[in-house]
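Here is a short tour of a protein model for you to follow alongside the sequence. Take a look at the structure first, and then read on.

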Amino acid sequence: MALAGPPGGAGWTWRPVARDALLARAFHSCTELRGRFYVVGGLPGGGASEPSGDTVLFDPAAGQAVRGAGDGPRRSHHDAAPVGGRWLCVVGGWDGSRRLATVAALDAERGAWEAWSAAPGSRPPVGLSSHTCTRVSDRELRVAGREGGTRTQRRCGSIFTLRLDPGARTYCYKEEGCRTASRAGHCAALLPTPGPRPGHQLLLFGGCSSPEPEVAGHWSLGKIKEEPPAAPHLTEQLARLVSKGQGARQGPRGLRHHSCSVVGPFAVLFGGETLTRARDTICNDLYIYDTRKSPPLWFHFPCADPGLKRVGHRTCLWNDQLYLVGGFGEDGRTPSPQVCILDLFI
């Protein structure tokens, strides 16, 4: 068992709980819907240029994976979000020849994929890959990333509001007035705002050389109804873990294609690829961003086990536990077939 952390007994590991070749992929999406993890698309290996078009359903309670609806969208470097407790909406991504901004939806009740169409007045980005989609309401997503076509991408990041209408099977993009730094392979976290003016803010981490998070949206108290799944035990464990560490104002520099999950007041980042060195670029570090005080603090918990290195993976919160699904390992080419749970030892 691989432990990591500061001296004094605090440590962590990813504990394998399932293994299935169906899950071996990277740069996929993994979304909890109706108690199942919907794993969509991705790359089956480091040399692959054609994304997968399959859908795999993983049951975390049973620890079993099965192949889902066929004829799904061929996508990698995309993002996905649940809508209305019934649909899984896949947004943008790379189809093997170009970046897209279209929306495909899986109807979980019928087990069938649907191609939704752009509503009148929609102003979509040119194309999106390695972007993020964050739910701000049941039918509204905040999309952040660097848009571009087949050969070129913008030198700045764009922010869009994406409204989804399951009844009409349509979607509508609206570009927001603000811009961000040019980011790709970043993560996004909708977190409570610390300080005297409570509310929520959407923060972007990584995807560029800067260690600073960037605000991609701010909402006053009561405007955001979306909350992450309750995880009281894991939240308590994370609070105890950071109490053993040394907080810092600055986060990781040059990290991309890592994972991020919101657990209570914490953003939990893991793995990814660093832009700060030419060799040994795949990471296995755990970072916790603590928003309980102002200013928020970063806590870094490194790991010495190269077997835990991951890039292009996903984490998913369910039933008070954080799951790790897929991703390439230390060589950046071999996909992991494992599903793991984050174990904390304090």
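The sections below go through the cores, the pocket, the cavity and a few single residues.

## The nonpolar cores

Keep in mind from the start that this is a predicted model. A good place to begin is its largest nonpolar core, which has 23 residues. The residues with the most contacts inside this core are W12, W14, L234, L238, L286, I288 and F301. Several elements each supply at least two residues of the core, among them β1 (11-19), α1 (232-243), β22 (286-290) and β26 (338-345). The others are β20 (266-270), β23 (297-301) and β25 (321-325). Which element gives the most to this core? That is α1, with 4 residues. In general, nonpolar side chains tend to be buried together in soluble globular proteins.

If you would like one residue to centre your view on, try W14. Leaving aside neighbours within four places in sequence, W14 is in contact with F270, L308, T315, C340, I341 and L342, as well as with L322, Y323 and L324. A second core, separate from the largest one, has 18 residues, including V91, L128, V143 and Y171.

## The largest pocket

The largest pocket has a volume of about 1200 Å³. Its lining is made up of 41 residues, and A80, C133, A188, C260 and T315 are the closest to the pocket centre. The elements that give two or more residues to this lining are β2 (29-33), β6 (79-83), β11 (132-137), β15 (187-192), β19 and β24 (314-318).

What is the make-up of the lining of the largest pocket by class? It has 16 nonpolar, 19 polar and 6 charged residues.

## S261 and its partner T315

S261 belongs to strand β19, which covers residues 259-263. Is S261 buried or exposed? Its relative accessible area is 8%, so S261 counts as buried, the cut-off being under 20%.

The side chains of S261 and T315 are joined by a polar contact of 2.7 Å. Apart from neighbours within four places in sequence, S261 is in contact with F266, A267, V268, T315, C316 and L322. T315 therefore links several parts of this tour by name: the contacts of W14 include T315, T315 is one of the residues closest to the centre of the largest pocket, and buried S261 has T315 as its polar contact partner.

## The cavity

How many cavities of 30 Å³ or more are there? The count comes to 1. The largest cavity holds about 50 Å³ of space.

Around the largest cavity you will find F205, G206, S210, P211, P252, L255, H258, L269 and W298. By class, this lining divides into 6 nonpolar and 3 polar residues, with no charged ones.

## Backbone features to check

Most residues other than glycine have a negative phi, and most peptide bonds are trans. With that in mind, have a look at S294 and P295, which are joined by a cis peptide bond with omega of about 0 degrees. P295 sits in the loop between β22 and β23.

P296 is found in the loop between β22 and β23, and P296 is buried because its relative accessibility is 16%, under the 20% cut-off. Not counting residues up to four places away in sequence, P296 touches P194, R249, Y289, D290 and T291. The C-alpha atoms of P296 and V136 are 22 Å apart, with their positions 160 residues apart along the chain.

Two residues that are not glycine have a positive phi: R34, at about 55 degrees, and H257, at about 55 degrees. R34 is in the loop between β2 and β3 (36-40), and R34 counts as partly exposed at 44% relative accessibility. H257 lies in the loop between β18 (255-256) and β19, and H257 is buried, with a relative accessible area of 15%.

## Two exposed loop residues

D71 is in the loop between β5 (64-67) and β6. With a relative accessible area of 79%, D71 is exposed. From D71 to F345 the C-alpha distance is 43 Å, and the two are 274 residues apart in sequence.

K223 is in the loop between β17 (214-220) and α1, and counts as exposed at 58% relative accessibility. K223 and L275 are 52 residues apart in sequence, with their C-alpha atoms 36 Å apart in space.

Methods. Residues are numbered from 1 along each chain as its sequence is written. This is a predicted model: local features need pLDDT of at least 70, side-chain atom pairs count only at pLDDT 80 or more; totals for chains, interfaces and linings use all residues. Side-chain values use heavy atoms; hydrogens and water are left out. A nonpolar core is a set of buried Ala, Val, Leu, Ile, Met, Phe, Trp, Tyr and Cys residues joined through side-chain atoms within 4.5 Å. Buried means under 20% relative accessible area, exposed over 50%, partly exposed in between (1.4 Å probe, protein chains only). Contact means heavy atoms within 4.5 Å. On a 1 Å grid over the protein atoms alone, a cavity is a set of points where a 1.4 Å probe fits but cannot get out, and a pocket is an open set with protein on both sides within 12 Å along at least five of seven lines; lining residues have an atom within 4 Å of a point. Grid points are joined across faces, edges and corners, and a volume is the space filled by probe spheres set on the points. Ala, Val, Leu, Ile, Met, Phe, Trp, Tyr, Cys and Pro count as nonpolar, Asp, Glu, Lys and Arg as charged, and the others, Gly among them, as polar. A polar contact is a pair of N or O atoms within 3.5 Å; within protein, one must be able to donate a hydrogen and the other to accept it, and residues adjacent in sequence count only if both atoms are side-chain atoms.
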